[in-house]
Amino acid sequence: MADGKRRKVGRSEGGSTTPGGPSNRPLVQPSHDFRVVGKALRKVDATAKVLGVTKFADDLSLPRMLYCKLLRSPHPHARIVRIDAARALTLPGVKAVLTGKDLPIPFGILPVSQDEHALALDKARFVGDPVAGVAAVSEEVATAALDLIAVEYEPLRPIRDHLDAVEHPEPRIHDYGDHGNLHKLINLEFGDVEAGFAEAELVREDLLFFEGNTHLPMEQHAAVAEWSPDGKLTLWSSTQTPHYVHRALAKVLELPPARVRVIATTNGGAFGGKSDPFSHEIVVAKLAMLTGRPVKITLTREEVFYCHRGRHPTLMWVKTGVKKDGAITAMHFKSLLDGGGYGSYGVASTYYTGALQTVTHHVPRYKFQGARAFTNKPPCGPKRGHGTPQPRFALEVHFDKIAEQLGIDPADFRLKHLVPPHSLTANWLRIGSMGLAECIRKVVAGSGWKERYRKLPYGQGVGLACSSYITGAGLPIYWNAMPHSGVQLKCDRGGGVTVFCGSTEIGQGSDSVLAIIVAEVLGLDPFDIAVVAADTDLTPVDLGSYSSRVTLMTGNAAIQAAERARDLIARHAAPKLEAPVERITFVGGRVFDAASPERGISFAEAVQLAEAAAGTVGTVGSYTPAAGAGKYRGAGVGPSPAYSYSACVALVDVDPATGIVRVPKIWIAHDVGRSINAAAVMGQIEGSIYMGLGEALMEEMAYRGNRNVVHKIPSLLEYKSPTTLEMCDVITYVVEDPDPNGPFGAKECGQGPLLPVPPAVANAVYDAVGVRIDEVPITPEKVFKALRRKEKGEEPRFGPLGFPDLPWPEPTRVAPPWEGGDGRAGEGGRGREKAVGVTAGRRR
Amino acid sequence: MRPDSKAKIAFELNGEPVEVAFAPHKTLLEVLREDLALTGTKHGCELGECGTCTVLLDGAPVLSCLVLGLACERRRVKTVEGLAQGSRLHPLQEAFAALGAAQCGYCTPAFLLTADALLADNPSPNRDDIKQALSGNLCRCTGYIKIYEAVELAAARLRGEKAEPARESLYGRR
Ligand code: FES
Ligand code: FES
């Protein structure tokens, strides 16, 4: 594919704040040297946090409050024959008991998988699935009451993992899904990949596996519900998505949405694990309605493991054809996800395992087949990077092997054939700014890559990997034409400004982003801005703190609201300042004529002029991403207003005697478009590296497959995560390639930098000791086994051996942009479905 | 004593004498949060695994989820609520806020107190001393780096040095 054939796109297609106000186009042009944006600022909530006065959900206590406990299934897969809660109700102090039939309406985060019940209705689908709930005067009494609930189960054969699900379509875990216990099957083809492989000078296939892992937020989920006899329900919850919880409560409890208020308390860490509506939220709400008293639940750490919604264990097969210079001619990628007991975000997760292969290096023809299995384990869902760290691991290890076969340095390989900025990919994703080349150069220079790669003593190695991530999903979870983020802004005659937004503070700094952006536009100090967030009664809808969408989407909405306020105030300050409105400038708490800055008034006086002339000073802003370019079924996952880019070099020490891998240092460069708060960007990048390191080396959700699919390690001690002693040094390079769609050019930085870490570590292990660990986590046992195999002259590798044949549907064929397609499915490609699967095999 | 009748003890809490009555099986964590309404002390497991509930008992870090309230009779307890000096932040709190060492902030009280005990023992800890001292506290947000830098900054200021955060800590390399 010639570069010239790639279609360029311009800014005009890139997203919109809502038209409608008279001042849709800003009257006053923004200044280009920022006063607040891009500085390293203390977060607006930092003082409360270091004082310990921030109220998390479990810190709330209301008069007459009851405590809730959930009874959970001890079986991975069982029919519920009978539940008798009568004895529990006789225990003094027990106020109410609920079972599945009390909450029969199903819910789920995605409209296509409304497959959960607040309490299991007829079937339990994993060990830990809630089956009954109790409200009592204390946690102790509630816990004692659980023992008095008699449940008769009829155990069914459990489905242990994705391969078991393929082999056993029966017994079915759910009565819906694409095939037996396969929840979802996807088959997409963009151009004729077989023709592409025929043009290649090297075709390589690899099999990789990414083990599941969990978010492990330090705060256990908690919720408090209060019911008022006038028919109004309030729920405080540690949730990332109050808007979706609001919808689920209204649906399951059959309440008018206007009578339901959800307040997301500051989350004590979330990472995607608090973005589904949960059983415990609905159960405490119903218990509050029944008892007329506030009801609280705080999950135990063990229960947090059962909520899960973490990284899907994913088996992957990838085949790529390349020319001698590394130019890709075609790629075919297959993934099989172990989904756990419910749908959760799983359909989206499955699409995400195939969506972003095309956004770093030019892939002219691309085929993706993805499948998600239902299994009898806690449901998987979105964890930091949602569905993309697994394929990114596969791809970057695969590229490392291809580069070696071609005799090209992996850094040089990655610098070639990059996706150009402002272009479309084979699967119709619209790329904006693209700073990956700069990222690669930074980490290569900083790490001394050229002096180290293949030159370090045995046992030490360096590895390189790249990645990209979305800055917000282009489509909402349920289809609608409304904005994804809304902001209301109120200016006080005292000069204070309050900004109202549904976005949720999970530690990422969303409240500060709002304050900084409004302060920038209005020439104020961020600490002059009061932020009211994440309360469905008080704040306009923001879809939630997921998919790295908040900075871009609420940021753009905040800019629009603030610019409208600025223009309104400027119009009424202009006569007093005897200057044309275009020259009215807002800086340092003053409003003045840019031509004579000494002639000015305070911001408060300017607000008073506007209020006297036009009434209460309030504005709104909103943001809706532009429609994606792809129009085929499945095109909804992958489009984003902007893509962030990262490159990473990991240095490892491998002890050949034990297989123990240590990572002393990681160099990361991240293209954030523009920093809104420089200090927060650093924190997000370092935190992402930390989490990526945990996934690379140790974190795994392990189950006793042979013993009833019981979770092996539902505790913080046994679930290994990096402490200060395992965490590596991090050298961070911030690259700023502003994206036209980002607020002041900003893109995401809270998820993307995690992605290159596992493959960089895997590639470094190979550089150190010459074995390929095609599976994360890279535990000592796996390295040790691969080293023994190497000694015996066997393949020096640890990883999966096969990918099962799956009943794929006919492919949806979409011609890539350069083949003259229009983004719709048609007969653009000639690829016929062939049996490309290798024999199914279990992992070693 | 009947198991459900309350025990009453006196101890020193954040420099002030307190008396509190509570069910005798309660942990110090529960007594602080539920009976004294000091919710600054957090929990991540209540099993002694995460360090999130750390407070200082007679100046030494302890896991308050593993200490019985009754064991604190006549002893000295310090929680995050006792760190600030009047209306001024403690230098550790100041440094944590300035560097973004508190992201979600849930682990923060425990890290502050553990660091406070470290600096009382060793006013000039090196990076390894800090890592060792904090190795029992989990943080899922920060990757610990900003926490180390904040402890180093606070230590320098407590030694009377005029220290500021390094530009690279706040802005990275560019
Ligand atoms: S709460 Fe985890 S150690 Fe105490
Ligand atoms: S700041 Fe969130 S766990 Fe440490």
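A polar contact is a pair of N or O atoms within 3.5 Å; within protein, one must be able to donate a hydrogen and the other to accept it. Keep that in hand for these exercises, which work through a predicted model.

**Exercise 1. Find the two domains of chain B and say how far apart their C-alpha centres lie.**

Solution. Start with the bounds: domain 1 of chain B covers 7-80, and domain 2 covers 91-168. Next, take the C-alpha centres of these two domains, which are 23 Å apart. Finally, look at who takes part in the contact: 16 residues from domain 1 of chain B and 13 residues from domain 2 of chain B.

**Exercise 2. Work out how much area is buried between the two domains of chain B, and which three residues of domain 1 supply the most of its side.**

Solution. Between domain 1 and domain 2 of chain B, about 1,100 Å² is buried. Carbon and sulfur atoms give 63% of that area. Now turn to the domain 1 side: B:Thr52, B:Thr54 and B:Val80 supply 37% of what this domain buries against domain 2, more than any other three residues.

**Exercise 3. Count the polar contacts and salt bridges across this interface, then describe the domain 1 side.**

Solution. Applying the opening rule across the interface of the two domains of chain B gives 4 residue pairs in polar contact. For salt bridges, the count is 1. In a salt bridge, the side chains of B:Lys78 and B:Asp116 meet at 2.8 Å, N to O. On the domain 1 side, strand S3 (residues 54-57) of chain B provides the largest share, 3 residues. By class, the residues on that side are 6 nonpolar, 7 polar and 3 charged.

Technical notes: Residues numbered from 1 in each chain as written. Chains lettered and ligands numbered in written order. Predicted model: local features only at pLDDT ≥ 70, side-chain atom pairs only at ≥ 80, totals over all residues. Heavy atoms only, no water. Domains from an automatic or database assignment. Contact = heavy atoms within 4.5 Å. Buried area = accessible area lost by both parts, 1.4 Å probe. Salt bridge = Lys/Arg side-chain N within 4 Å of Asp/Glu carboxyl O. Polar contact = N/O pair within 3.5 Å; in protein donor to acceptor, adjacent residues only side chain to side chain. Helix = DSSP H or I, 4+ residues; strand = E, 2+ residues; numbered from the N terminus. Nonpolar A, V, L, I, M, F, W, Y, C, P; charged D, E, K, R; others polar.
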